[in-house]
Amino acid sequence: MTEVTYHTLEAGNDEELHALKTMISDDLSEPYSIYVYHFFLSQWPELCNIAKLNGETIGVIICKIEPHRDVRSRGYIGMLAVKKEHRGHGIAKKLVRISIEKMIKAGCDEIMLETEVVNKPAIALYEHMGFIRSKRLYRYYLNQHDAFRLILPITSKSTVRSVYLQHSDQLAT
Ligand SMILES: CC(C)(COP(=O)(O)OP(=O)(O)OC[C@H]1O[C@@H](n2cnc3c(N)ncnc32)[C@H](O)[C@@H]1OP(=O)(O)O)[C@@H](O)C(=O)NCCC(=O)NCCS
């Protein structure tokens, strides 16, 4: 039986790039312009991971790392999608795990994302991995749906209010 393989997006591989853009525009409610992809992929290429089966791209996760209020390093999961016919086999879980491990290694204090409050599969996926709901964002999406902001605390810094933390110029990005 052929195994699903996981790797970072190959630089200059237009076929993979096209496949992941198609998957994301088919499955996520927000429209993303080419500039959004360039923003993520040019700065954090190691945080764009794809799942492949028999040469076909069947899953993708795109993340970034940025300082939050200058006091902690925050990983962010920007996009995640698995092709419909391959769902329910643990592919998203594996992609999220790969990203979390990379962001922890890079020194993130926490990992964050937003998802629609009606997206039960995504909420279950992330909450089973330890993410907690930190906020409900009213009409956050263009389709007028609310979002939950979910956070996975990694270090103790994540649990301290930012005003009580010292500014640092050595945060992971
Ligand atoms: C959300 C999504 C990425 C899940 O992908 P997947 O590969 O099917 O997920 P997995 O098989 O890895 O499932 C992992 C966990 O997610 C949860 N989950 C997945 N599908 C679910 C469903 N239909 N209903 C409830 N929980 C579900 C379960 O907790 C599951 O763990 P378990 O199998 O141990 O119970 C996929 O449904 C998708 O691409 N949806 C459209 C895009 C999207 O919503 N992206 C997330 C935006 S934040």
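In which strand is the place of Lys64? In this predicted model, Lys64 belongs to strand β3, which spans residues 56-68. The residue has a relative accessible area of 15%, and because buried means under 20%, Lys64 is classed as buried. Its side chain is engaged in a polar contact with the side chain of Glu66, at a distance of 2.8 Å.

A second buried charged side chain is found in strand β5, where Glu110 is placed. The relative accessibility of Glu110 is 1%, so this residue also counts as buried. Two arginine side chains make polar contacts with the side chain of Glu110: the contact with Arg74 is 2.8 Å, and that with Arg72 is 3.4 Å.

Strand β7, comprising residues 147-153, contains Phe148. With a relative accessibility of 11%, Phe148 is likewise buried. Between Phe148 and Ile132 the C-alpha to C-alpha distance is 9.5 Å, while the two residues are separated by 16 positions in sequence.

The ligand was examined next. The space that the ligand takes is the largest pocket. Elements contributing two or more residues to the shell around the ligand are strands β4 (72-82) and β5 (110-116), together with helices α3 (91-105) and α4 (120-128). Of these, α4 provides the largest share of the shell, with 5 residues. Strand β5, the element in which Glu110 is placed, is thus also one of the contributors to the ligand shell.

The shell consists of 20 residues, among which Leu80, Gly88, Gly90, Asn119 and His128 come nearest to the ligand. By residue class, the shell divides into 10 nonpolar, 6 polar and 4 charged members.

Backbone atoms of the protein approach oxygen atoms of the ligand at several positions. For Gly88, one of the nearest residues, a backbone N or O atom lies 2.7 Å from a ligand oxygen. The corresponding distance for Val82 is 2.9 Å, and for His89 a backbone N or O atom is placed 3.2 Å from an oxygen atom of the ligand. Taken alone, the ligand exposes 920 Å², of which the protein buries 71%.

Notes. Residues numbered from 1 in each chain as written. Predicted model: local features only at pLDDT ≥ 70, side-chain atom pairs only at ≥ 80, totals over all residues. Heavy atoms only, no water. Near = heavy atom within 4 Å. Polar contact = N/O pair within 3.5 Å; in protein donor to acceptor, adjacent residues only side chain to side chain. Areas by Shrake-Rupley, 256 points an atom, 1.4 Å probe, with all protein chains shown as cover. 1 Å grid on protein atoms, 1.4 Å probe; cavity = no way out; pocket = protein on both sides within 12 Å on 5 of 7 lines; lining within 4 Å. Sits in = over half its atoms within 2 Å of the grid points. Helix = DSSP H or I, 4+ residues; strand = E, 2+ residues; numbered from the N terminus. Buried < 20%, exposed > 50% of the residue type's maximum accessible area, 1.4 Å probe, protein only.
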